[in-house]
Amino acid sequence: MTAALPASATTAGPRSARLLTRSEDGERLHALLWEAGPGWRMISSAVLGGGIGERGWVLNAQVAHGYRRTDPDRHLAELAAGAGAVGPGVGLMTAADVTRHGRAEDAGAQAVATAGISVRGWAAAPAERTEGTVVPVQPGTINIVAALPVALTDAALVNAVATATEAKVQALLDAGHDCSGTPTDAVCVAARVPAPGTDLHAFAGPRSLWGARLARAVHRAVTTALPAC
């Protein structure tokens, strides 16, 4: 049985995401909910609300170890609805302890990360699975939610995902972990919907103005979230 998550107030950035608690199948689990509201365009690899589009909220939900549901998108949608989130949004999940999240900001760029690394390795590892095999949620998952208070082109949104991923890997290496991440890592980057007459930022690489700020915020958030060696 799933107990409804309490709703949180609308906030300006993911650093203000609320930590929520629920009871599911007799286990106490947590989630982070950022109710962004209108005016945000997001790019994400999440199982719910992935791709590029306008989104109004982001939910990063902890699930039990050994998670076996085959409809994680529906599960996340149910949790978000129970928390009072309305309209399209982004849903991520992890078996890591969401209470150990990291939050950071750099000159307007914000990032929140949850990190479990018990199942980790290098991206270019020897092939072990056939194409199309579903990888279940593992205890080791790094989820990153970041936001920039400016409007980006589609290409810059893609660039921002690459920048956030580079910063994640740098944080792992700086912390002494011999890996590039986990098999189930996910990312969501939000930027403002462009207003009429507003210039769009065409770049979000690590040496661009906002890409550099994004990288520093993600690096600090992931570093804070990582478990001690």
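Helices and strands here are DSSP runs, helices of at least four residues and strands of at least two, numbered from the N terminus. The model is a predicted one.

**Stop 1: the loop with H201**

Select H201, which lies in the loop between β10 and α3. Is H201 buried, exposed or partly exposed? Its relative accessibility is 30%, so H201 counts as partly exposed. Now add T153: the two C-alpha atoms are 6.2 Å apart, although 48 residues separate H201 and T153 along the chain. Beyond its neighbours within four places in sequence, H201 contacts V150, A151, L152, T153, A156 and W210.

Keep W210 on display and add R213. The charged end of R213 is placed over the ring of W210, at 4.5 Å from the ring's centre.

**Stop 2: the open sheet**

Select the six strands of the open sheet, in the order β4-β3-β10-β9-β8-β7; the pairing is mixed. Which strands form the edges? They are β4 (51-54) and β7, each of which pairs on one side only. From one strand to the next, the twist averages 15°.

Bring in the helices that pack on this sheet. Helix α2, residues 154-174, touches β3 (40-44), β4, β9 and β10 (186-192), and its direction is at about 135° to that of β10. Helix α3, residues 209-225, touches β7, β8 and β9, and its direction is at about 30° to that of β8.

**Stop 3: strand β8 and its partners**

Select residues 109-115, which make up β8. Seven of the seven residues are buried, so the strand is largely enclosed by the rest of the structure. A109, A111, A113 and A115 point one way, while Q110, V112 and T114 point the other.

Next, show β7 (residues 102-106), which runs antiparallel to β8 and is joined to it by five bridges. Two positions help to line up the pair. G102 is opposite A113, and R103 is opposite V112.

Then show β9 (residues 142-148), also antiparallel to β8, with six bridges between them. Here A115 has I142 as its bridge partner.

Go back to the turn between β7 and β8. This hairpin has two residues between its strands, and A107 takes a positive phi near 50° there. A107 is not a glycine. In general, most residues other than glycine have a negative phi. How accessible is A107? Its relative accessibility is 48%, so A107 counts as partly exposed.

**Stop 4: D25, another positive phi**

Move to D25, in the loop between β1 and β2 (27-35). D25 is not a glycine either, yet its phi is positive, at about 55°. The relative accessible area of D25 is 65%, which makes it exposed.

**Stop 5: helix α1**

Select residues 72-82, helix α1, and colour H75, L76, L79 and A80, which are buried. Why do these residues sit on the same side of α1? They cover an arc of only 135° around the axis, and this places them on one side of the helix. The general rule is that an α-helix has 3.6 residues a turn, so residues three or four places apart point the same way.

Turn the helix over to find the exposed residues R74 and A81 on the face directed away from the buried side. What do the buried residues of α1 pack against? They pack against β1 (18-24), β5 (57-62) and β6 (90-94).

Select H75 alone, in this helix. The relative accessible area of H75 is 2%, so it is buried. Leaving out neighbours within four places in sequence, H75 contacts E24, V63, Y67, R69 and M93. After α1 comes G84, which has a positive phi near 95°.

**Stop 6: the tryptophan pair**

Finish with W34 and W40, both buried. The structure holds one aromatic pair. The ring centres of W34 and W40 are 5.3 Å apart and the planes stand at 75°, so the pair is edge-to-face. The cut-off for that label is planes over 60 degrees apart.

Last, add R192, which lies over the face of W40 at 4.2 Å from the ring centre.

Definitions and conventions: Residues numbered from 1 in each chain as written. Predicted model: local features only at pLDDT ≥ 70, side-chain atom pairs only at ≥ 80, totals over all residues. Heavy atoms only, no water. Phe/Tyr/Trp six-rings, centres within 6.5 Å; stacked < 30°, edge-to-face > 60°. Buried < 20%, exposed > 50% of the residue type's maximum accessible area, 1.4 Å probe, protein only. Lys NZ or Arg CZ within 6 Å of the ring centre and 35° of its normal. Pairing = 2+ DSSP bridges. Axes fitted to C-alpha atoms, helices over the stretch in contact; angles between N-to-C directions. Contact = heavy atoms within 4.5 Å. Arc of directions from axis to C-beta.
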